[in-house]
Structure formats: C-alpha cells, structure tokens
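Here's a quick walk through one protein chain, written for someone with the sequence and the 3D view open. Have a look at the picture before reading on.

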Amino acid sequence: MPLYEYICNKCGKSFETITGYNDTPECEHCGAKDVSRQLSTFAAHTGGNDLPACAQGGCSGFSGGACGSGMCGCHN
C-alpha cells in the first residue's frame, strides 16, 4: 500500500500513513476522521552539493519552504 500525507481538519496537524486509496485514516494526534489527503512531493538526492536551500540550513524566502513542499520545516 502507498504512503499518503494527510492534514487533520480538526486540529490542523499533518501526518503520513500507509493506507488504501479509499480508506480514511484517523488523525495520529487527535483521533479525528475529518482529514484531507495532501498532494505529496518527493525528493531524490543524487550526490554532490545540489541540495535545496532548506536542506543546506535555510530557506530562500519562498512561502512554504524553498523546496516548495511546505514540509521542510523552515516555516513551521
């Protein structure tokens, strides 16, 4: 089964879980079933120093993080 990202519409926390496409998981933080699947992004590091700014220690001022995923932690 694939790994999906969700955000809880009750507490606002995001989480990842392995679930079937039509299954609705409970929020890991508050147990609510009112969750929304998020558009997932992926990253692959192929070597060298070509990491995004957020992985090098700071964002470049982009909303949601330099990598554009909003999951890099720069703006959380």
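What follows covers the overall layout, the core, the aromatic rings and one patch on the surface.

## Overall layout

Keep in mind that this is a predicted model. The protein chain has 0 helices and 3 strands, and reading from the N terminus the order is simply β-β-β.

Of the chain's 76 residues, 18% count as buried. The accessible surface adds up to about 5400 Å², with 49% of that belonging to carbon and sulfur atoms. As for contacts between residues at least 6 apart in sequence, 23% of them join residues at least 24 apart.

## The nonpolar core

Which residues make up the largest nonpolar core? There are 7 of them: Tyr4, Tyr6, Cys8, Phe15, Cys27, Ala32 and Val35. Strand β1 gives the most to this core, chipping in 3 residues.

Ala32 is a handy place to start clicking around. Leaving aside residues up to four places away in sequence, Ala32 touches Cys8 and Cys27, and also Lys10, Pro25 and Glu26. Cys8 and Cys27 are on the list of core members too.

## Rings that meet

The chain has 3 aromatic pairs. Take Tyr4 and Tyr6: their ring centres sit 6.5 Å apart with the planes at 65°, and since an angle over 60 degrees is the cut-off, the pair is edge-to-face. Zooming out, ring pairs tie Tyr4, Tyr6, Phe15 and Tyr21 into a cluster.

Are Tyr4 and Tyr6 buried or exposed? Tyr4 has a relative accessible area of 15%, so it is buried, and Tyr6 is buried as well, at 3%.

## Thr17 on β2

Thr17 lies in strand β2, which spans residues 14-18. Its relative accessibility is 19%, and because buried means under 20%, Thr17 counts as buried.

What does Thr17 touch? Not counting residues up to four places away in sequence, Thr17 contacts Pro2, Leu3, Tyr4 and Tyr6, plus Pro25 and Glu28. Two of these neighbours, Tyr4 and Tyr6, are the edge-to-face ring pair from above.

## A patch on the outside

Over on the surface, Met1, Leu3 and Ile18 make a nonpolar patch of about 380 Å². Met1 belongs to the segment before β1, the strand covering 3-8. With a relative accessible area of 74%, Met1 is exposed. Leu3, another member of this patch, also turns up among the residues touched by Thr17.

Notes: Residues are numbered from 1 along each chain as its sequence is written. This is a predicted model: local features need pLDDT of at least 70, side-chain atom pairs count only at pLDDT 80 or more; totals for chains, interfaces and linings use all residues. Side-chain values use heavy atoms; hydrogens and water are left out. Patches are made of residues with over 30% relative accessible area and no salt bridge: like charges are joined within 9 Å, nonpolar side chains (Val, Leu, Ile, Met, Phe, Trp, Tyr) within 5 Å. Accessible areas come from the Shrake-Rupley method with a 1.4 Å probe; for residues, only the protein chains shown count as cover. A salt bridge is a side-chain nitrogen of Lys or Arg within 4 Å of a carboxyl oxygen of Asp or Glu. Helices (H or I, at least four residues) and strands (E, at least two) are DSSP runs, numbered from the N terminus. Buried means under 20% relative accessible area, exposed over 50%, partly exposed in between (1.4 Å probe, protein chains only). A nonpolar core is a set of buried Ala, Val, Leu, Ile, Met, Phe, Trp, Tyr and Cys residues joined through side-chain atoms within 4.5 Å. Contact means heavy atoms within 4.5 Å. Rings of Phe, Tyr and Trp (its six-membered ring) pair if their centres lie within 6.5 Å; planes under 30 degrees apart count as stacked, over 60 as edge-to-face and the rest as tilted.
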